[in-house]
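Please work through the two exercises below with the structure open beside you, and try each task before reading its solution.

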Protein chains: 2
Amino acid sequence: MASGIEDVARRAGVSKSTASRALSGGGYVSEETRSRVRRAAYEIGYAPSTSAVSLATGRTQNVGVVMPYLNRWFFAEVLEGIQTALLERGLDLTLYDAEPGTDGRRRIFDDFLARKRFDGLIAVGLEPDDHEVERLVAMGRPVVSVVGAGSETSSVAIDDEHAARRATEHLLELGHRRIAFVGGEPDHHWAQVDRSRLRGFHTAMEDAGCADEAIHIRSEVTIPGGYAAAVDALGDSRDRPTAILGTCDEVAIGAIIAARRLGVQVPSQLSVVGIDDHEFAEMFSLTTLRQVPREQGAAAVELLLDHIADPDRPPEQTSLKARMVMRSSTAPPPTHMTAAAADMRRE
Amino acid sequence: MASGIEDVARRAGVSKSTASRALSGGGYVSEETRSRVRRAAYEIGYAPSTSAVSLATGRTQNVGVVMPYLNRWFFAEVLEGIQTALLERGLDLTLYDAEPGTDGRRRIFDDFLARKRFDGLIAVGLEPDDHEVERLVAMGRPVVSVVGAGSETSSVAIDDEHAARRATEHLLELGHRRIAFVGGEPDHHWAQVDRSRLRGFHTAMEDAGCADEAIHIRSEVTIPGGYAAAVDALGDSRDRPTAILGTCDEVAIGAIIAARRLGVQVPSQLSVVGIDDHEFAEMFSLTTLRQVPREQGAAAVELLLDHIADPDRPPEQTSLKARMVMRSSTAPPPTHMTAAAADMRRE
DNA sequence: TTGAAAGCGTTACCAC
DNA sequence: GTGGTAACGCTTTCAA
């Protein structure tokens, strides 16, 4: 049962080397020999030992993936995209769940990466600190990031600032002025993504001349987080915003759930926009800026493979533009309508 | 930079063999030598090549995990539990996303498993068909399942039938009779889990003598699925159920969202119970039967390691009882209250 | 307690 | 085209 290439060779009546060549491509082998070897391999159910192959070739046929969370939409989707792309190419995927601040994360960087179990690494939304970057470099394997900040490695991501700006502009065009950006962890270190999106929000507000109407509400970046933040923010009907931009759909959806709970009508009394096009967006009729994390994962695999094939290839940043998906969570603000109605009466 | 054990040995002034022994446990090494070797290893940042270790020892220090979905709460949580447990033991995790019916799944079973890249495999909610079971066996490595049906492999799971029965009894005790079980994919092959839970539901209904009040509504097992199914089911206020049991929290939560949309009050007009204790359960005040998938993942690792250590160990099924978590999504049915009120008036 | 040498299962270089 | 043989980097007898 423990059939090695030697067994295949014997069965096909050739030498180990010929068998190897016949099976894994390599040099010249006559067509006849090749098919004979193939059949022999098939018959005894031969599968090469990956450890032996790795040792001999220096290639592990395996890609590492590090991400801080597995249970959030974006990350799970990226992971599936990566997995699918790798599977197609016959590559394995070794997963590391590196939640910030955990002991596990420390071990991943200090112990696991050094083992060089993989030919390259994909880092998803990692935001490594200096020490971690150092370990990543010391690893001596190509790294590609999805949602990565730096320019030292190749990366794939949407233009976050642009997406937030577009979303804000949409709200402004509808007549909203008092707009709240919800997102940016209350205590934790902020994600780069949230910073960029907040920046885009502020830029748009400033350009529209209503920087002082801009509100920023901190919120854990999850559906319950957005819910909790919105419950607080919508409590006082006096000075509540007429529109909310969630740093991502999860937060926006949490806000919609909160609004419904509080009896605040969406979109007539409150407009909500998100960024993502989360799997629940449709269900909540959420207008959002769409990104497709699966494709980003697939693109990252592509890039990584290029870097593995040519280690000297310079890093390259891919920046995608998110497209707006109009649904029905936005409308002109109630005050706007009232003003318009007043104008009409006046005429 | 490419520091091998030979470099460590040279630096510590010992032979390769001694260095190996000092580092990876093995036989006798004097304390002094050991610490000298350790220091040398540390200084040059030595990490053993996993391929070489695997080849020499026959152990890959790697565990495979196969699951049909990554983006569902239960699966993501189990995965995190597994990852954490493996990390603590210095083991790597190779992930296979085997969505039913995909080409990727076929390749995983036909090509990837045969490579024996891991010492053992954890199958989460896999429900392999005959061919797949055959491949699993042919792999010749221990397999442990989380939510597994068979008794050929060790497994960890909650008692699904019991959980559904308890949930149904809770509803019955409150006075509900017209109860709907929501779950069981409309088109797909049904998950064993859903079958067992439906069975538990029916048993409880029969025992209570109201089998003919039992309703079964098919639904995709996701939040949007539960939402869609509930929108249909709650449309006609005439013969709608007074209570819903979701096959899992996701479905139950979808139903709550639908009820709110339709203006059906939960719990006064509709009671809802789930099974899981999903991360959103709190936010929706969902009464549910709690399971902790993370712990199941950790337990699976434990079991698998036992099987790897002793391949002859007989399989062992662990069945957990889910505990009820009372929140406020359930109450006596409106008709019940009316009846009670009528009784009071009559007196 | 230590060192030399023989594997582990492949690939890859070199003769033939 | 094909067959020896030396790596690949580590563990593990077996002697010393």
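**Exercise 1: the protein interface**

Task: in this predicted model, establish how many salt bridges are counted between chain A and chain B, and describe the interface in which they lie.

Solution. The count between chain A and chain B is four salt bridges. One such salt bridge joins the side chains of A:Asp92 and B:Arg115, at 3.3 Å from N to O; the cut-off for this pairing is 4 Å between a side-chain nitrogen of Lys or Arg and a carboxyl oxygen of Asp or Glu, and therefore the pair qualifies. Next, turn to the polar contacts, of which the rule finds 20 residue pairs across the interface of chain A and chain B, both residues being at pLDDT 80 or more. On the side of chain A that touches chain B, H5(A) gives the most, with seven residues, and the residues of that side divide into 23 nonpolar, 12 polar and 13 charged. Finally, consider the area: the two chains bury about 4400 Å² between them, with 56% of it on carbon and sulfur atoms, and in chain A the residues that lose the most area to chain B are A:Leu87, A:Arg117 and A:Met283, together 15% of what that side buries.

**Exercise 2: the surface near DNA strand D**

Task: determine which element supplies the largest share of the surface near DNA strand D, and which atoms of the strand meet the protein.

Solution. The largest share, four residues, comes from H4(B). By class, this surface has 11 nonpolar, 11 polar and two charged residues. Among the individual approaches, a phosphate oxygen of DNA strand D lies 2.6 Å from a polar backbone atom of B:Ile5, whereas a base nitrogen of the strand is 3.0 Å from an N or O atom in the side chain of A:Ser17.

Note on methods:
Residues numbered from 1 in each chain as written. Chains lettered and ligands numbered in written order. Predicted model: local features only at pLDDT ≥ 70, side-chain atom pairs only at ≥ 80, totals over all residues. Heavy atoms only, no water. Buried area = accessible area lost by both parts, 1.4 Å probe. Polar contact = N/O pair within 3.5 Å; in protein donor to acceptor, adjacent residues only side chain to side chain. Helix = DSSP H or I, 4+ residues; strand = E, 2+ residues; numbered from the N terminus. Nonpolar A, V, L, I, M, F, W, Y, C, P; charged D, E, K, R; others polar.
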